[in-house]
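Student: I've got a structure open and I'd like to know how the labels people put on it are justified. Can we go through them one at a time?

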Amino acid sequence: MHWDDMRVFLAVARAESLSGAGKVLRVDPATVGRRIARLEQNLGAPLFAKSPQGYAPTDAGMRLMAHAERAEQAMGAAQEELAGQEGGLSGQIRIGAPDGCANFLLPQVCADIVRDNPDLDIQIIALPRVFNLSKREADMAIGVSPPEAGRLTVQKITEYKLHLAAARGYLKDKPPITTPEDLRGHRMVGYIPDMIFDKELDYLSDLGVERVPLASNSVSVQVNWLRHGAGLGVVHDFSLPMSRPLRKVLPDHISLTRAFYLIRHVDDQRLERLNRFADALTAGLRNEVQRLEALT
């Protein structure tokens, strides 16, 4: 059995399709299918059950998965050792993050890391959902709450603040807002309620808001609505320096604190390259949150 066969097997198991695996491997799906058929023939056992939902590992496939993932980790560690780790970081690292972090924090932090490591490629996946690191959707992820299951390691990165905010132009045309009771009748901007993927993002429920006339699963869309005077909404303090038309509303009455967590697959602790990147990423995020919040 060759490592290349294991690489193809893992790609299909994680993508749950030949086409998805082909995109990862940069080969056509028919080639992936032939490779899997050859591997199954050599092992004398079916590795996948095909259904309309895709390719699901059989019992034999699940047993092979554990060995294949250990081989993957060993190959990664060997490559790192042979390349040497005294110099800068190199290769590709993919980060999954909620779009508030991805839009307002990660660009500057990752630009600084790449400036010091010109051979490093960083990919940011900005999606409002939880990432599956077991399927290698990303090398590491940033979350707003620690996961409760899975073979994962979790490190708290930093806390951050959120406040109610609105555009100065919106507030200028409205009666003064001096107490929470004054919020009645104002148009609220926030998340689509049934698309909130983490309870820590359910800010408006914490404030007793029952109706959200302008809703999006994207933080950037919400901030842009607010910038254009559409209403009131909860925003990250670290986004305010980049959204100058906005100002805090009732900061002494309404103030939320949340945290970012770095989430990694437990096996990746043995990869020094990812450890070094994680250290740079967490330090950079802490500093950037502190810098931006000091400007508000």
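Student: What makes the contact between the side chains of Arg38 and Asp5 a salt bridge?

Tutor: Keep in mind that this is a predicted model. The distance from N to O for Arg38 and Asp5 is 3.6 Å, and the cut-off is within 4 Å, so the pair counts as a salt bridge. Arg38 sits in helix H3 and Asp5 in helix H1, so the bridge ties together parts that are 33 residues apart in sequence.

Student: Why is Asp5 called buried?

Tutor: Its relative accessible area is 9%, and buried means under 20%, so Asp5 qualifies.

Student: And why is Arg38 called partly exposed?

Tutor: Arg38 has a relative accessible area of 43%. Partly exposed covers what lies between under 20% and over 50%, so that's the label Arg38 gets.

Student: Which other residue forms a salt bridge with Asp5, and how do you know?

Tutor: Arg35 does, with the closest N and O atoms 3.3 Å apart. That is within 4 Å, so the label holds. Asp5 belongs to helix H1 (residues 3-15) and Arg35 to helix H3 (residues 29-43), so this pair links parts 30 residues apart in sequence. Arg35 is buried, as is Asp5.

Student: What makes Glu159 and Lys156 a salt bridge?

Tutor: Their closest N and O atoms are 3.0 Å apart, so they also pass the 4 Å cut-off. Glu159 is at 44% relative accessibility, which makes it partly exposed. Lys156, at 42%, is partly exposed as well. Elsewhere, shared partners join Asp4, Asp5, Arg7, Arg35 and Arg38 into one network of salt bridges. The whole structure has 11 salt bridges.

Student: Why do opposite charges pair up like that?

Tutor: Side chains of opposite charge can pair when their charged atoms come close.

Student: Let's switch to helix packing. Why is H6 called oblique to H10?

Tutor: Helix H6 (residues 106-116) and helix H10 (residues 272-293) pack at about 135°, with their axes 9 Å apart. That angle is not under 35 degrees, not over 145, and not within 65 to 115, so oblique is what remains. The crossing of H6 and H10 is right-handed.

Student: Which residues make the contact between H6 and H10?

Tutor: From H6 you have Leu106, Gln108, Val109, Cys110 and Ile113, and from H10 Phe277, Ala280, Leu281, Gly284, Leu285 and Glu288.

Student: What puts Phe277 among the standout members of the largest nonpolar core?

Tutor: That core has 56 residues, and Phe277 is listed with Leu106, Ile142, Leu232, Phe260, Leu281 and Leu285 as touching the most other members. Leaving out residues up to four places away in sequence, Phe277 touches Leu89, Ile93, Ile95, Ile113, Leu120, Ile122 and Met140. There is also a second, separate core of 20 residues, including Val8, Phe9, Leu64 and Ala68.

Student: Which residues of helix H2 are buried, and what do they pack against?

Tutor: In H2 (residues 18-25) the buried ones are Leu18, Gly20, Ala21, Gly22 and Leu25. They pack against H1, H3 and strand S2 (54-57). Just after H2, Arg26 takes a positive phi of about 65°.

Student: How many helices and strands are there, and how much of the protein is buried?

Tutor: There are 10 helices and 11 strands. Of the 296 residues, 44% count as buried.

Terms used: Residues are numbered from 1 along each chain as its sequence is written. This is a predicted model: local features need pLDDT of at least 70, side-chain atom pairs count only at pLDDT 80 or more; totals for chains, interfaces and linings use all residues. Side-chain values use heavy atoms; hydrogens and water are left out. Helices (H or I, at least four residues) and strands (E, at least two) are DSSP runs, numbered from the N terminus. Buried means under 20% relative accessible area, exposed over 50%, partly exposed in between (1.4 Å probe, protein chains only). A nonpolar core is a set of buried Ala, Val, Leu, Ile, Met, Phe, Trp, Tyr and Cys residues joined through side-chain atoms within 4.5 Å. Contact means heavy atoms within 4.5 Å. Axes are lines fitted to C-alpha atoms, for helices over the stretch in contact, and angles run from 0 to 180 degrees between N-to-C directions. A crossing is left-handed if the near helix is turned anticlockwise from the far one by less than a right angle, and right-handed if clockwise.
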